[in-house]
Amino acid sequence: MFLHPLRLTTAAMLLAAATPLALAATTAAAPGAAASAAVAAAMPTVMTPPPTSAASAPAVSAPAASATAAAPAASAASAPAAALAPASPASAPLAATLDGRVQDVKSDVIKLNRDLLVLEEELLFPANTQVALFVSMDVGKLFELDSVQVKLDDKVVANYLYTPLEVQALHRGGVQRVWLGNLKTGDHEIVAFFTGKGPHDRDYKRGATVKFEKGTEAKYIELRIQDSTGKLQPEFDVKLWQ
């Protein structure tokens, strides 16, 4: 059978025109499905985990829950205990060592101060011109010392007013230095006046005088207050020490 070329060309054109019409009819019949398919093909696949319900969640046992609740309370209770806990044993020897060093430093300072005072006296009052006056009291029941005045070569060199505590110290055997100075070599005179309360609570004032020679060595003079049991009166004496 022979087909004319013009007829073949006409059939092909009719077929090509019918194919888009068929596709359009199919799209019009199910527009939603085609759109959904196109969107699904264009979007990436997202994995969504299944929802977990309260019933499907694993149950927490009672001991575990109580332990979890007790943990904050235990930490809160342990905080004050840790704050009030004593220092570690390792810090105790360190503190003892520091305290010992502080005591050693204090002792060294005291010794240094004493040495400086001795050096000052040696520089200011050399031995060849130094004279020191001391006051002492033996028993002292018959006399309550109030004050002492000392004159050296008719010149007042010391005036001292005593407190009750100082008088008690003298009663216990203490010795007080009332004057320290320099004198040239030669003859000198000391006059001491003692004022206080005598027997029967009467005002009492007595004096003691001594003459001495100052040499090239230091001179120490003691002004002594003694009780005379035979006379029931206080006695005042001056003793020279070499």
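Here is a walk through this predicted model, from its overall layout down to single side-chain contacts.

Let's begin with the parts list. The protein has 5 helices and 8 strands, and along the sequence they come in the pattern α-α-α-α-β-β-β-α-β-β-β-β-β. As for what is tucked away, buried residues account for 20% of the 242 residues in the protein.

The helical part has one spot worth a look. Helix α4 covers residues 91-124, and Leu116 has its place there. Check how much of that leucine is on show: its relative accessibility is 48%, so Leu116 counts as partly exposed, given that the partly exposed class runs between 20% and 50%. Leu116 also belongs to a nonpolar patch on the surface, together with Leu112, Leu119, Leu123 and Leu124. Taken together, these five leucines offer about 520 Å² of accessible area.

Now for the strands. Four of them make an open sheet, and if you go across it you meet β4, β1, β7 and β8 in that order, with mixed pairing. The edges are β4 (176-182) and β8 (233-241), each of which pairs on one side only. Ignoring direction, neighbouring strands of this sheet are turned by 15° against each other on average. At the β4 end, strand β1 (residues 130-138) pairs with β4 in the antiparallel sense, over 6 bridges. If you want a residue to anchor your view there, take Phe134, which stands opposite Arg177 in β4.

Next up is a hairpin. Strand β5 (residues 186-197) and strand β6 (residues 203-214) are antiparallel partners over 12 bridges. One pair to pick out is Thr195, whose bridge partner in β6 is Lys205. Between the two strands of the hairpin there are 5 residues, and His200 takes a positive phi near 60° in this hairpin.

A salt bridge turns up around here too. Where do the side chains of Lys197 and Asp203 meet? They meet in a salt bridge, at 2.8 Å from N to O. Lys197 has 32% relative accessibility and so counts as partly exposed, whereas Asp203 is exposed at 65%, because the exposed class begins over 50%. Asp203 lies in strand β6. Asp203 also has some long-range company: Glu144 is 59 residues away in sequence, yet the C-alpha atoms of the two are 9.5 Å apart in space.

The structure holds 2 salt bridges, and the other pair to visit is Arg224 with Asp237, whose closest N and O atoms are 2.6 Å apart. Arg224 sits in strand β7 (residues 219-228) and Asp237 in strand β8, so this contact ties together parts that are 13 residues apart in sequence. Asp237 is partly exposed, with a relative accessible area of 30%.

That leaves the aromatic side chains, which form 5 pairs in the structure. Tyr160 and Tyr162 make one of them, with edge-to-face geometry: 4.8 Å centre to centre and 65° between the planes. Are these two tyrosines buried or exposed? Tyr160 is partly exposed, at a relative accessible area of 30%, while Tyr162 counts as buried, at 7%. The cut-off for buried is under 20%, which is why the two tyrosines fall into separate classes.

Phe194 and Phe236 show another arrangement. Their ring centres are 4.7 Å apart and their planes lie at 15°, so the pair is stacked. This contact links distant parts of the chain, since Phe194 is in strand β5 and Phe236 is in strand β8, 42 residues apart. Both Phe194 and Phe236 are buried. The two rings also have further partners: ring pairs link Phe143, Phe194, Tyr204 and Phe236 into a cluster.

To pull the threads together, look once more at β8. Strand β8 is an edge strand of the open sheet. Asp237 in β8 makes the contact with Arg224 in β7, and Phe236 in β8 stacks on Phe194. Of these two neighbours in sequence, Phe236 is buried, whereas Asp237 is partly exposed.

Note on methods: Residues numbered from 1 in each chain as written. Predicted model: local features only at pLDDT ≥ 70, side-chain atom pairs only at ≥ 80, totals over all residues. Heavy atoms only, no water. Patch = residues over 30% accessible without salt bridge, like charges linked within 9 Å, V, L, I, M, F, W, Y side chains within 5 Å. Areas by Shrake-Rupley, 256 points an atom, 1.4 Å probe, with all protein chains shown as cover. Salt bridge = Lys/Arg side-chain N within 4 Å of Asp/Glu carboxyl O. Helix = DSSP H or I, 4+ residues; strand = E, 2+ residues; numbered from the N terminus. Buried < 20%, exposed > 50% of the residue type's maximum accessible area, 1.4 Å probe, protein only. Pairing = 2+ DSSP bridges. Axes fitted to C-alpha atoms, helices over the stretch in contact; angles between N-to-C directions. Phe/Tyr/Trp six-rings, centres within 6.5 Å; stacked < 30°, edge-to-face > 60°.
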